[in-house]
Each structure stands twice: as C-alpha cells, then as structure tokens.
Amino acid sequence: MFKIESQEQWQEFWVRHTSNVMPVPPLPPVDFDQDMIVAIVDRFQPNGGYALEITDVLQIDDGLTVFATRKEPGPDCITPAVITHPVHIIRLASSDLQPVPEITTEKFSC
C-alpha cells in the first residue's frame, strides 16, 4: 500500500506504475494541499483473470482502514495467458492518519 502526499512522490509512483505502458498516459493532476493518493498494489498474478478493487475507506481508531477485494478466477475460467499486476489508485482528502489495508479474496465463477 502506498500513501502519496507530494507531487514528487506521485511522479515517482506514476513512472513505476506506467513503466510498461506505451504511450505513457499523462500524470493525473492532484492538489496535494487538499488531497492525497492511496494505492493498493497486488503481487504479480499468473494470468489476466485477477482484479483488485478498493471498496471502502473508514477511519478506525488511529488509522484509515482501506478495504479492498482481490478477485481471483475460479478453476473453470479461461483467462488470458499474461502476467498481471493489479492495482487500484484513489484520491482522498489529506489526512495525517496512516492507511491500513484490509484485503479479502473472492473467487468468481465463469
């Protein structure tokens, strides 16, 4: 999980995130005086059937709990034979609280 609070951090993350994309999409503008970026990056996956989605963000105790769901293909699914690296990036109001990931896994049938 990444908490991005400055333009420099955002540019560094974006370069890594788009390193295998041609043409490279432009860096989305963010006003870091008001907002921050939270990104959940999954591990490399063996096929194109995986997805990652942030579903909610709640303040719990002294942190921001970032709820996300990893979707995995069931055994009968036909998926593209390509290594993927699921990621979900969101913009939130700036906060001093540290984001904490809470990731559940859901298998889906095809």
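In what order do the elements of the protein run from the N terminus on? They go β-α-β-β-β-β-β, which adds up to 1 helix and 6 strands. Helices here are DSSP runs of H or I with at least four residues, strands are runs of E with at least two, and both are numbered from the N terminus. Bear in mind that this is a predicted model, where local features need pLDDT of at least 70 and side-chain atom pairs count only at pLDDT 80 or more, while totals for chains, interfaces and linings use all residues. Residues are numbered from 1 along each chain as its sequence is written, and side-chain values use heavy atoms, with hydrogens and water left out.

As for overall dimensions, the C-alpha trace spans about 45 × 40 × 15 Å along its principal axes. Of the 110 residues, 35% count as buried. Buried means under 20% relative accessible area, exposed means over 50%, and partly exposed is what lies in between (1.4 Å probe, protein chains only).

Here are some individual residues with their accessibility.

| Residue | Relative accessible area | Class |
|---|---|---|
| Lys3 | 16% | buried |
| Gln11 | 40% | partly exposed |
| Ala51 | 34% | partly exposed |
| Asp61 | 69% | exposed |
| Cys77 | 13% | buried |
| Cys110 | 65% | exposed |

Let's start with Lys3, which sits in strand β1 (residues 2–4). Its side chain makes a polar contact of 3.4 Å with the side chain of Glu5. A polar atom of the Lys3 side chain also lies 2.9 Å from the backbone oxygen of Leu97. A polar contact is a pair of N or O atoms within 3.5 Å; within protein, one must be able to donate a hydrogen and the other to accept it, and residues adjacent in sequence count only if both atoms are side-chain atoms.

Next comes helix α1 and its aromatics. The count of aromatic pairs comes to 3, and one of them joins Trp10 and Trp14, which are tilted at 5.4 Å centre to centre with 55 degrees between the planes. For the rule: rings of Phe, Tyr and Trp (its six-membered ring) pair if their centres lie within 6.5 Å, and planes under 30 degrees apart count as stacked, over 60 as edge-to-face and the rest as tilted. Why are Trp10 and Trp14 separated by about one helical turn? Because they are 4 residues apart in helix α1 (residues 7–17). Both Trp10 and Trp14 are buried, and together with Phe2 and Phe13 they form one aromatic cluster. Gln11 also belongs to helix α1, and its C-alpha atom is 9.5 Å from that of Pro28, 17 residues apart along the chain.

The same helix shows up at the largest pocket: α1 supplies the largest share of the lining, 3 residues. That pocket has a volume of about 320 Å³. Its lining consists of 13 residues, with Arg16, His17, Val41, Phe44 and His85 nearest the centre. A pocket is an open set of points on a 1 Å grid over the protein atoms alone where a 1.4 Å probe fits, with protein on both sides within 12 Å along at least five of seven lines; lining residues have an atom within 4 Å of a point. The volume is the space filled by probe spheres set on the points. By class, the lining has 7 nonpolar, 5 polar and 1 charged residues. Ala, Val, Leu, Ile, Met, Phe, Trp, Tyr, Cys and Pro count as nonpolar, Asp, Glu, Lys and Arg as charged, and the others, Gly among them, as polar.

Now for some backbone details. Most residues other than glycine have a negative phi, and most peptide bonds are trans. Met22 and Pro23 are joined by a cis peptide bond, with omega about -10 degrees, and Pro23 is in the loop between α1 and β2 (35–41). Asp61, although not a glycine, has a positive phi of about 55 degrees; this residue lies in the loop between β3 and β4. Ala51 is in strand β3 (residues 51–60), and its C-alpha atom is separated by 5.1 Å from that of Lys71, 20 residues apart along the chain.

Finally, the cysteines. There is 1 disulfide (a pair of cysteine sulfur atoms within 2.5 Å). Cys77 and Cys110 form it, with their sulfur atoms 1.8 Å apart. The link is right-handed, with 100 degrees about the S-S bond. This pair links distant parts of the chain, 33 residues apart: Cys77 is in the loop between β4 (63–73) and β5 (87–93), and Cys110 is in the segment after β6 (98–108).
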